[in-house]
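Q: Hey, got a minute to go through a model with me? I'd like to talk about its holes, its odd backbone spots and its cysteines.

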Amino acid sequence: MAAALLATPALAEATTLRIAHVWPGGSMIDRELFQAWAESVEEASDGRLQVQVFPGATLTGADSAYQGVVNGIADIGATAQGYNAGRFPLTQVVELPGVSASSRQGSCILQSLYDQGHFDEEYSDTRPLFMFTTGPGYLHTKERLIETPADLEGLRLRRPTPVVGDMFTRLGAQAVGMPAPEVFTSMQRGVVDGLSFNWEGMKTFRLNELASYHTEVPLYDLSLFATMNQRTYDSLPADLQQVIDDHSGMEWSLRAAAVYDELIRQGRQDAEEAGHEFLVIEDALDHPEWGPVLQQTIDGYLEEVGGEAGEIYEAAMTLQAECSA
(Lines give C-alpha, C1' and ligand atoms only; values in the text may rest on other atoms or scores of the structure.)
Protein backbone atom coordinates (compact mmCIF):
# COMPACT_ATOMS: atom_id res chain seq x y z
CA MET A 1 0.00 0.00 0.00
CA ALA A 2 2.85 2.39 0.84
CA ALA A 3 4.44 1.78 -2.55
CA ALA A 4 1.17 2.50 -4.29
CA LEU A 5 0.70 5.71 -2.33
CA LEU A 6 4.23 6.82 -3.15
CA ALA A 7 3.66 6.16 -6.86
CA THR A 8 0.51 8.29 -7.04
CA PRO A 9 2.21 11.74 -6.94
CA ALA A 10 4.60 10.71 -9.72
CA LEU A 11 1.70 9.68 -11.90
CA ALA A 12 -0.10 12.93 -11.13
CA GLU A 13 2.95 14.92 -12.25
CA ALA A 14 3.13 13.35 -15.71
CA THR A 15 2.99 15.87 -18.55
CA THR A 16 1.05 14.98 -21.67
CA LEU A 17 2.39 16.11 -25.04
CA ARG A 18 0.09 16.16 -28.06
CA ILE A 19 1.65 15.42 -31.46
CA ALA A 20 -0.34 16.41 -34.56
CA HIS A 21 0.80 15.06 -37.92
CA VAL A 22 -0.66 14.61 -41.39
CA TRP A 23 0.09 10.94 -42.20
CA PRO A 24 -2.74 8.40 -41.94
CA GLY A 25 -3.18 6.61 -38.64
CA GLY A 26 -1.67 3.14 -38.77
CA SER A 27 0.59 4.04 -41.71
CA MET A 28 4.24 3.06 -41.50
CA ILE A 29 5.26 6.68 -40.86
CA ASP A 30 2.71 6.96 -38.08
CA ARG A 31 3.84 3.68 -36.49
CA GLU A 32 7.58 3.63 -37.04
CA LEU A 33 8.32 7.32 -36.69
CA PHE A 34 5.81 9.17 -34.55
CA GLN A 35 4.50 6.32 -32.40
CA ALA A 36 8.10 5.10 -32.01
CA TRP A 37 9.20 8.61 -31.00
CA ALA A 38 6.38 8.79 -28.47
CA GLU A 39 7.21 5.42 -26.95
CA SER A 40 10.90 6.26 -26.73
CA VAL A 41 10.19 9.58 -25.01
CA GLU A 42 7.85 7.94 -22.52
CA GLU A 43 10.45 5.28 -21.71
CA ALA A 44 13.35 7.74 -21.42
CA SER A 45 11.33 9.95 -19.07
CA ASP A 46 10.23 7.01 -16.87
CA GLY A 47 6.64 7.85 -17.73
CA ARG A 48 6.84 11.48 -16.63
CA LEU A 49 6.15 12.44 -20.24
CA GLN A 50 3.11 10.90 -21.87
CA VAL A 51 2.61 11.42 -25.60
CA GLN A 52 -0.70 11.42 -27.46
CA VAL A 53 -0.39 11.10 -31.23
CA PHE A 54 -3.09 12.63 -33.45
CA PRO A 55 -2.52 11.33 -37.01
CA GLY A 56 -4.25 12.18 -40.26
CA ALA A 57 -4.57 15.95 -39.62
CA THR A 58 -7.21 15.26 -36.97
CA LEU A 59 -5.96 17.88 -34.49
CA THR A 60 -4.56 20.47 -36.89
CA GLY A 61 -4.88 20.61 -40.67
CA ALA A 62 -1.94 19.89 -42.94
CA ASP A 63 -1.61 23.58 -43.78
CA SER A 64 -2.18 24.78 -40.21
CA ALA A 65 0.04 22.36 -38.26
CA TYR A 66 2.87 24.85 -37.81
CA GLN A 67 0.61 27.68 -36.68
CA GLY A 68 -1.20 25.19 -34.49
CA VAL A 69 2.07 24.58 -32.64
CA VAL A 70 2.74 28.32 -32.37
CA ASN A 71 -0.74 28.79 -30.87
CA GLY A 72 -0.48 25.79 -28.54
CA ILE A 73 -3.25 23.76 -30.14
CA ALA A 74 -0.66 20.99 -30.46
CA ASP A 75 2.53 20.71 -28.43
CA ILE A 76 4.34 19.17 -31.39
CA GLY A 77 3.41 19.35 -35.05
CA ALA A 78 4.75 17.67 -38.16
CA THR A 79 3.95 18.51 -41.76
CA ALA A 80 5.57 19.90 -44.91
CA GLN A 81 7.06 23.36 -45.06
CA GLY A 82 5.45 23.67 -48.50
CA TYR A 83 1.97 23.66 -46.96
CA ASN A 84 2.85 27.05 -45.43
CA ALA A 85 3.28 29.19 -48.55
CA GLY A 86 5.98 31.84 -48.19
CA ARG A 87 6.87 30.99 -44.59
CA PHE A 88 10.01 28.92 -45.13
CA PRO A 89 11.62 30.16 -48.38
CA LEU A 90 15.22 29.49 -47.33
CA THR A 91 14.44 26.01 -46.03
CA GLN A 92 12.75 25.15 -49.29
CA VAL A 93 15.96 25.68 -51.24
CA VAL A 94 16.63 21.99 -50.45
CA GLU A 95 13.49 21.08 -52.43
CA LEU A 96 15.01 22.23 -55.73
CA PRO A 97 15.66 19.62 -58.43
CA GLY A 98 18.96 17.79 -58.16
CA VAL A 99 19.75 18.60 -54.52
CA SER A 100 19.16 15.05 -53.26
CA ALA A 101 18.65 11.54 -54.58
CA SER A 102 17.03 9.88 -51.54
CA SER A 103 15.29 10.67 -48.30
CA ARG A 104 18.49 9.87 -46.41
CA GLN A 105 20.54 12.30 -48.46
CA GLY A 106 17.89 15.03 -48.43
CA SER A 107 17.25 14.66 -44.69
CA CYS A 108 20.96 14.79 -43.89
CA ILE A 109 21.40 17.91 -46.03
CA LEU A 110 18.35 19.63 -44.54
CA GLN A 111 19.20 18.84 -40.92
CA SER A 112 22.84 19.82 -41.46
CA LEU A 113 21.86 23.18 -42.93
CA TYR A 114 19.54 23.84 -40.00
CA ASP A 115 22.20 22.80 -37.49
CA GLN A 116 24.63 25.20 -39.19
CA GLY A 117 22.16 28.05 -38.60
CA HIS A 118 21.34 28.78 -42.23
CA PHE A 119 17.61 29.27 -41.68
CA ASP A 120 16.95 28.99 -37.94
CA GLU A 121 15.22 32.39 -38.02
CA GLU A 122 12.38 30.85 -40.03
CA TYR A 123 11.50 28.76 -36.95
CA SER A 124 12.09 31.39 -34.27
CA ASP A 125 8.55 31.04 -32.90
CA THR A 126 8.84 27.28 -32.23
CA ARG A 127 11.53 24.77 -31.22
CA PRO A 128 12.34 22.42 -34.12
CA LEU A 129 12.99 18.82 -33.13
CA PHE A 130 14.16 17.33 -36.42
CA MET A 131 13.78 17.82 -40.15
CA PHE A 132 13.63 15.32 -42.98
CA THR A 133 12.63 15.00 -46.63
CA THR A 134 10.49 12.67 -48.71
CA GLY A 135 13.01 11.74 -51.38
CA PRO A 136 12.56 12.84 -55.00
CA GLY A 137 9.07 13.47 -56.31
CA TYR A 138 8.17 12.29 -59.81
CA LEU A 139 5.23 12.54 -62.22
CA HIS A 140 2.33 10.06 -61.94
CA THR A 141 -0.66 10.13 -64.29
CA LYS A 142 -3.90 8.22 -64.85
CA GLU A 143 -4.33 8.07 -68.62
CA ARG A 144 -0.97 8.31 -70.40
CA LEU A 145 2.78 8.43 -69.88
CA ILE A 146 4.49 11.82 -69.78
CA GLU A 147 7.58 11.64 -71.98
CA THR A 148 8.52 15.28 -72.54
CA PRO A 149 7.70 18.58 -70.80
CA ALA A 150 5.37 19.41 -73.72
CA ASP A 151 3.16 16.46 -72.71
CA LEU A 152 2.08 18.35 -69.59
CA GLU A 153 0.14 20.96 -71.53
CA GLY A 154 -3.55 20.96 -70.70
CA LEU A 155 -3.31 18.49 -67.80
CA ARG A 156 -4.65 19.21 -64.33
CA LEU A 157 -1.90 18.23 -61.92
CA ARG A 158 -1.73 18.31 -58.16
CA ARG A 159 1.29 20.40 -57.23
CA PRO A 160 3.30 19.45 -54.12
CA THR A 161 4.75 22.96 -53.67
CA PRO A 162 4.27 26.42 -55.21
CA VAL A 163 7.66 26.05 -56.92
CA VAL A 164 6.58 22.92 -58.78
CA GLY A 165 3.22 24.57 -59.40
CA ASP A 166 4.96 27.45 -61.17
CA MET A 167 6.85 24.92 -63.29
CA PHE A 168 3.58 23.23 -64.28
CA THR A 169 2.01 26.57 -65.17
CA ARG A 170 4.96 27.55 -67.37
CA LEU A 171 4.50 24.27 -69.24
CA GLY A 172 0.80 24.87 -69.86
CA ALA A 173 -0.63 22.61 -67.16
CA GLN A 174 -3.17 23.63 -64.56
CA ALA A 175 -1.52 23.39 -61.13
CA VAL A 176 -3.94 22.36 -58.39
CA GLY A 177 -2.99 22.81 -54.74
CA MET A 178 -4.27 20.44 -52.08
CA PRO A 179 -2.91 18.57 -49.03
CA ALA A 180 -1.76 15.00 -49.64
CA PRO A 181 -4.67 13.35 -47.76
CA GLU A 182 -7.14 14.87 -50.27
CA VAL A 183 -5.42 13.65 -53.45
CA PHE A 184 -6.93 10.15 -53.66
CA THR A 185 -10.52 11.42 -53.69
CA SER A 186 -9.64 14.20 -56.13
CA MET A 187 -8.06 11.76 -58.59
CA GLN A 188 -10.94 9.34 -58.16
CA ARG A 189 -13.43 12.10 -59.06
CA GLY A 190 -11.36 13.38 -61.99
CA VAL A 191 -10.51 16.70 -60.37
CA VAL A 192 -6.87 16.09 -61.33
CA ASP A 193 -5.30 14.00 -64.11
CA GLY A 194 -2.15 13.28 -62.19
CA LEU A 195 0.31 14.59 -59.67
CA SER A 196 3.90 15.02 -58.69
CA PHE A 197 4.73 12.89 -55.65
CA ASN A 198 7.39 10.69 -54.13
CA TRP A 199 7.02 6.90 -54.05
CA GLU A 200 6.32 6.92 -50.31
CA GLY A 201 3.28 9.13 -50.88
CA MET A 202 2.08 6.90 -53.69
CA LYS A 203 2.02 3.99 -51.23
CA THR A 204 0.90 5.76 -48.06
CA PHE A 205 -2.03 7.49 -49.74
CA ARG A 206 -2.90 4.50 -52.03
CA LEU A 207 -2.34 6.50 -55.21
CA ASN A 208 -0.82 3.57 -57.11
CA GLU A 209 -4.39 2.32 -57.27
CA LEU A 210 -5.29 5.26 -59.54
CA ALA A 211 -2.14 6.30 -61.41
CA SER A 212 -0.61 3.70 -63.73
CA TYR A 213 1.97 5.82 -65.57
CA HIS A 214 5.14 7.03 -63.90
CA THR A 215 7.76 9.41 -65.25
CA GLU A 216 10.78 9.38 -62.97
CA VAL A 217 12.11 12.88 -63.49
CA PRO A 218 13.07 14.41 -60.12
CA LEU A 219 11.06 17.61 -59.83
CA TYR A 220 11.57 18.25 -56.11
CA ASP A 221 12.29 16.69 -52.71
CA LEU A 222 9.69 17.83 -50.20
CA SER A 223 11.02 19.14 -46.89
CA LEU A 224 9.29 18.18 -43.64
CA PHE A 225 9.60 19.13 -40.00
CA ALA A 226 8.66 18.10 -36.49
CA THR A 227 8.64 21.12 -34.20
CA MET A 228 7.59 21.89 -30.63
CA ASN A 229 5.79 24.73 -28.92
CA GLN A 230 8.51 26.76 -27.21
CA ARG A 231 6.35 27.49 -24.14
CA THR A 232 5.68 23.79 -23.65
CA TYR A 233 9.39 23.04 -23.82
CA ASP A 234 10.25 25.89 -21.43
CA SER A 235 7.68 24.62 -18.92
CA LEU A 236 9.48 21.28 -18.54
CA PRO A 237 12.11 20.69 -15.86
CA ALA A 238 15.69 20.49 -17.09
CA ASP A 239 15.89 16.69 -17.08
CA LEU A 240 12.76 16.37 -19.23
CA GLN A 241 14.03 19.07 -21.58
CA GLN A 242 17.09 16.86 -21.96
CA VAL A 243 14.85 13.93 -22.91
CA ILE A 244 13.36 16.08 -25.69
CA ASP A 245 16.82 17.22 -26.77
CA ASP A 246 17.95 13.58 -26.92
CA HIS A 247 15.02 12.90 -29.27
CA SER A 248 15.94 15.72 -31.63
CA GLY A 249 18.50 16.46 -34.31
CA MET A 250 20.31 14.29 -36.81
CA GLU A 251 19.62 10.91 -35.19
CA TRP A 252 15.86 11.30 -35.55
CA SER A 253 16.21 12.98 -38.94
CA LEU A 254 17.94 9.86 -40.23
CA ARG A 255 15.47 7.57 -38.46
CA ALA A 256 12.69 9.35 -40.32
CA ALA A 257 14.64 9.00 -43.55
CA ALA A 258 15.08 5.26 -43.02
CA VAL A 259 11.31 4.86 -42.81
CA TYR A 260 10.85 6.97 -45.92
CA ASP A 261 13.45 5.15 -47.98
CA GLU A 262 11.88 1.80 -47.15
CA LEU A 263 8.49 3.11 -48.19
CA ILE A 264 10.00 4.52 -51.39
CA ARG A 265 11.26 1.00 -52.20
CA GLN A 266 7.88 -0.52 -51.41
CA GLY A 267 5.91 2.12 -53.33
CA ARG A 268 7.85 1.59 -56.53
CA GLN A 269 7.72 -2.17 -56.11
CA ASP A 270 3.95 -2.03 -55.77
CA ALA A 271 3.70 -0.18 -59.09
CA GLU A 272 6.06 -2.65 -60.77
CA GLU A 273 4.07 -5.65 -59.53
CA ALA A 274 0.86 -4.01 -60.77
CA GLY A 275 2.30 -3.86 -64.28
CA HIS A 276 2.48 -0.09 -64.51
CA GLU A 277 4.43 1.75 -67.21
CA PHE A 278 7.63 3.65 -66.34
CA LEU A 279 9.93 6.17 -67.97
CA VAL A 280 13.19 6.92 -66.14
CA ILE A 281 14.92 10.20 -67.01
CA GLU A 282 18.63 9.69 -66.29
CA ASP A 283 20.82 12.70 -65.37
CA ALA A 284 17.77 14.93 -65.48
CA LEU A 285 19.63 18.24 -65.11
CA ASP A 286 21.65 17.41 -68.22
CA HIS A 287 18.72 16.00 -70.20
CA PRO A 288 18.15 17.94 -73.46
CA GLU A 289 14.43 18.45 -72.82
CA TRP A 290 13.95 18.23 -69.05
CA GLY A 291 17.26 19.84 -68.07
CA PRO A 292 16.42 23.40 -69.20
CA VAL A 293 13.03 23.22 -67.47
CA LEU A 294 14.58 22.11 -64.19
CA GLN A 295 17.41 24.64 -64.38
CA GLN A 296 14.93 27.44 -65.04
CA THR A 297 13.08 26.36 -61.90
CA ILE A 298 16.27 26.44 -59.85
CA ASP A 299 17.45 29.80 -61.16
CA GLY A 300 14.01 31.36 -60.88
CA TYR A 301 13.53 30.31 -57.27
CA LEU A 302 16.97 31.46 -56.14
CA GLU A 303 16.45 34.82 -57.83
CA GLU A 304 12.97 35.24 -56.37
CA VAL A 305 14.05 34.47 -52.79
CA GLY A 306 17.34 36.32 -53.05
CA GLY A 307 19.43 37.05 -50.00
CA GLU A 308 21.08 33.92 -48.64
CA ALA A 309 19.23 31.54 -50.97
CA GLY A 310 22.16 31.16 -53.38
CA GLU A 311 24.59 30.55 -50.53
CA ILE A 312 22.29 27.91 -49.03
CA TYR A 313 21.92 26.21 -52.41
CA GLU A 314 25.70 26.02 -52.79
CA ALA A 315 26.03 24.69 -49.23
CA ALA A 316 23.38 22.06 -49.95
CA MET A 317 25.18 20.90 -53.09
CA THR A 318 28.46 20.75 -51.19
CA LEU A 319 26.82 18.56 -48.52
CA GLN A 320 25.89 15.95 -51.12
CA ALA A 321 29.27 14.24 -50.71
CA GLU A 322 29.03 14.15 -46.91
CA CYS A 323 25.38 13.10 -46.99
CA SER A 324 25.52 10.00 -49.17
CA ALA A 325 22.34 8.71 -50.76
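A: Sure, what follows is a quick chat about pockets, cavities, a disulfide and a few single residues in this predicted model.

Q: Pockets to start with. What volume does the largest pocket have?

A: About 220 Å³.

Q: And which residues lie nearest its centre?

A: Ala101, Pro218, Ile281, Asp283 and Ala284, out of a lining of 15 residues. Two elements, β4 (127–141) and β8 (213–228), are the ones giving two or more residues to that lining.

Q: How does that lining split by class?

A: You get 10 nonpolar, 2 polar and 3 charged residues.

Q: OK, what about the second largest pocket, how much volume there?

A: Its volume is about 180 Å³. The elements that put two or more residues into the lining are α5 (162–170) and α11 (290–305).

Q: Which residues line the second largest pocket?

A: The list runs Gly82, Ala85, Gly86, Pro89, Gln92, Pro162, Val163, Asp166, Tyr301, Glu304 and Val305. By class that lining has 6 nonpolar, 3 polar and 2 charged residues.

Q: Now the closed spaces. How many cavities of 30 Å³ or more are there?

A: The structure has 3 of them. The largest cavity comes to about 120 Å³, and 16 residues line it.

Q: Which of those lie nearest the centre of the largest cavity?

A: That would be Trp23, Tyr83, Ala180, Phe197 and Leu222. Its lining has 12 nonpolar residues, with 2 polar and 2 charged ones besides.

Q: And the second largest cavity, what lines that?

A: Gln92, Glu95, Leu96, Pro97, Thr161, Val163, Val164, Leu219, Tyr220 and Thr297 do. The space inside is about 50 Å³. Both α5 and β8 supply at least two residues of the lining, and the class split is 6 nonpolar, 3 polar and 1 charged.

Q: Hang on, which residues from that cavity's list are also in the lining of the second largest pocket?

A: Gln92 and Val163 appear in the pocket lining and again in the cavity lining.

Q: Nice. Switching to cysteines: how many disulfides?

A: The count is 1 disulfide. Cys108 and Cys323 make it, with their sulfur atoms 2.1 Å apart.

Q: What parts of the chain does the pair tie together?

A: Cys108 sits in helix α4 (residues 103–115) and Cys323 in the segment after α12 (309–322), so the bond links parts that are 215 residues apart in sequence.

Q: Is that disulfide left-handed or right-handed, and why?

A: Left-handed, because the torsion about the S-S bond of Cys108 and Cys323 is about -60°.

Q: And the two cysteines, buried or exposed?

A: Cys108 counts as buried at 11% relative accessibility, and Cys323 is buried too, at 1%.

Q: You promised odd backbone spots. Which phi is positive at about 55°?

A: Ala57's, and Ala57 is not a glycine. Most residues other than glycine have a negative phi. Ala57 is in the loop between β2 (49–54) and α3 (65–70), and with a relative accessible area of 26% it is partly exposed.

Q: What about the one with a phi of about 60°?

A: That's Arg206, again a non-glycine with a positive phi. Look for it in the loop between α7 (199–204) and β8. At 46% relative accessibility, Arg206 is partly exposed.

Q: Back to Ala57 for a second. What else does His21 touch, besides Ala57?

A: Beyond its neighbours within four places in sequence, His21 is also in contact with Asp30, Phe34, Val53, Phe54, Pro55, Gly56 and Ala78. His21 is in strand β1 (residues 15–21) and is buried at 1% relative accessibility.

Q: Last one, Phe88. Where is it?

A: Phe88 is in the loop between β3 (76–80) and α4.

Q: Buried or exposed?

A: Phe88 is buried, at 0% relative accessibility.

Q: So what does Phe88 touch?

A: Leaving out residues up to four places away in sequence, Phe88 touches Tyr66, Gln81, Glu122, Tyr123, Phe225 and Tyr301. Tyr301 is also one of the residues lining the second largest pocket.

Q: And how far is Phe88 from Thr204?

A: Their C-alpha atoms are separated by 25 Å, and the two residues are 116 apart along the chain.

Key
Residues are numbered from 1 along each chain as its sequence is written. This is a predicted model: local features need pLDDT of at least 70, side-chain atom pairs count only at pLDDT 80 or more; totals for chains, interfaces and linings use all residues. Side-chain values use heavy atoms; hydrogens and water are left out. On a 1 Å grid over the protein atoms alone, a cavity is a set of points where a 1.4 Å probe fits but cannot get out, and a pocket is an open set with protein on both sides within 12 Å along at least five of seven lines; lining residues have an atom within 4 Å of a point. Grid points are joined across faces, edges and corners, and a volume is the space filled by probe spheres set on the points. Helices (H or I, at least four residues) and strands (E, at least two) are DSSP runs, numbered from the N terminus. Ala, Val, Leu, Ile, Met, Phe, Trp, Tyr, Cys and Pro count as nonpolar, Asp, Glu, Lys and Arg as charged, and the others, Gly among them, as polar. Buried means under 20% relative accessible area, exposed over 50%, partly exposed in between (1.4 Å probe, protein chains only). A disulfide is a pair of cysteine sulfur atoms within 2.5 Å. Contact means heavy atoms within 4.5 Å.
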